[in-house]
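The exercises below ask you to read a protein model step by step, moving between the sequence and the space around each residue. Try each task before you turn to its solution.

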Amino acid sequence: MRKYIRVEENDLEMVKCNKCGKELKVSRGTIKEGVFSVDYIWGYFSEKDGEVHSFDLCEDCYDKMLKEFVIKPDIKDNNELL
């Protein structure tokens, strides 16, 4: 969950994990720790057609979610972070 000082300027004030409620570190509008952010637009053939779902997970909640997967995701190293 994100809270903005000024939405039109994308001025981020706060981010909380939607699962556990942990407040993530934000400094000068930049998130300073790992966060998994989702913005998904549901399409045809779903019960949520046209809905947009947005949420943030802290790194701990993300790791717990992955442990529940029957088929593990493909994970590759990315050496270029910028």
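**Exercise 1. In which strand does S37 lie, and which residues does S37 touch beyond its neighbours in sequence?**

Solution. Keep in mind from the start that this is a predicted model.

Step 1: Locate the residue in the fold, and you will find that S37 lies in strand β6.

Step 2: Consider its accessibility, which is 35% in relative terms; because buried means under 20% and exposed means over 50%, S37 counts as partly exposed.

Step 3: List the partners, leaving out residues up to four places away in sequence: S37 touches R2, F55 and D56.

Step 4: Look at the polar atoms, where the side chain of S37 makes a polar contact of 2.6 Å with the side chain of R2, and where another polar contact, also given as 2.6 Å, joins the side chains of S37 and D56.

Step 5: Set sequence beside space, since S37 and Y62 are 25 residues apart along the chain, while their C-alpha atoms are 10.0 Å apart.

**Exercise 2. Is D56 buried or exposed, and which residues does D56 touch?**

Solution. Step 1: Find D56 in strand β7.

Step 2: Read its relative accessibility of 3% against the limit of 20% for buried residues; D56 therefore counts as buried.

Step 3: Gather its contacts, again without residues up to four places away in sequence, and you obtain M1, R2, V15, K16, C17, N18, V35, F36 and S37.

Step 4: Examine the contact with M1 in more detail, where the backbone nitrogen of M1 lies 3.2 Å from a polar atom of the D56 side chain.

Step 5: Link this result with the previous exercise, in which the side chains of D56 and S37 were joined by a polar contact of 2.6 Å.

**Exercise 3. How many disulfides does the structure hold, and why is there no bond between C58 and C61?**

Solution. Step 1: Count the disulfides, of which the structure holds zero.

Step 2: Take the sulfur of C58 and search for the closest cysteine sulfur, which belongs to C61 and is 3.7 Å away.

Step 3: Compare this distance with the cut-off of 2.5 Å for a disulfide; the sulfur atoms of C58 and C61 are too far from each other for a bond.

Step 4: Add the accessibility of both residues, with C58 buried at a relative accessible area of 2% and C61 counted as buried at 5%.

**Exercise 4. Which residues other than glycine have a positive phi of about 50° or near 70°, and where are they found?**

Solution. Step 1: Recall the background, namely that most residues other than glycine have a negative phi.

Step 2: Take R28, which is not a glycine and yet has a positive phi of about 50°; R28 is found in the loop between β4 (26-27) and β5 (30-31), and at 85% relative accessibility it counts as exposed.

Step 3: Take F45, whose phi is positive and near 70°; F45 is found in the loop between β6 and β7, and it counts as exposed at 89% relative accessibility.

Step 4: Contrast these with a glycine, G21, which has a positive phi of about 85° and sits in the turn of the hairpin formed by β2 and β3. Six residues lie between the two strands of this hairpin, which pair in the antiparallel sense over two bridges, and V15 stands opposite L24 in β3.

Step 5: Return to the loop between β6 (35-41) and β7 (52-58), which also holds S46. S46 is partly exposed at a relative accessible area of 22%, and a polar atom of its side chain lies 3.1 Å from the backbone nitrogen of K48.

**Exercise 5. In what order do the elements of the protein run, and what is its radius of gyration?**

Solution. Step 1: Count the elements, and you find one helix and seven strands.

Step 2: Follow them from the N terminus, where the order is β-β-β-β-β-β-β-α.

Step 3: Compare the radius of gyration, 15 Å, with the 12 Å that the globule rule gives for 82 residues; the value is well over the rule, so the protein is more spread out than a compact globule.

Step 4: Complete the picture with the share of buried residues, which make up 15% of the 82 residues, and with the exposed surface of about 7200 Å², of which carbon and sulfur atoms supply 50%.

Key
Residues are numbered from 1 along each chain as its sequence is written. This is a predicted model: local features need pLDDT of at least 70, side-chain atom pairs count only at pLDDT 80 or more; totals for chains, interfaces and linings use all residues. Side-chain values use heavy atoms; hydrogens and water are left out. Helices (H or I, at least four residues) and strands (E, at least two) are DSSP runs, numbered from the N terminus. Buried means under 20% relative accessible area, exposed over 50%, partly exposed in between (1.4 Å probe, protein chains only). A polar contact is a pair of N or O atoms within 3.5 Å; within protein, one must be able to donate a hydrogen and the other to accept it, and residues adjacent in sequence count only if both atoms are side-chain atoms. Two strands pair if DSSP finds at least two bridges between them. The radius of gyration is taken over C-alpha atoms; the globule rule is 2.2 Å times the number of residues to the power 0.38. Accessible areas come from the Shrake-Rupley method with a 1.4 Å probe; for residues, only the protein chains shown count as cover. Contact means heavy atoms within 4.5 Å.
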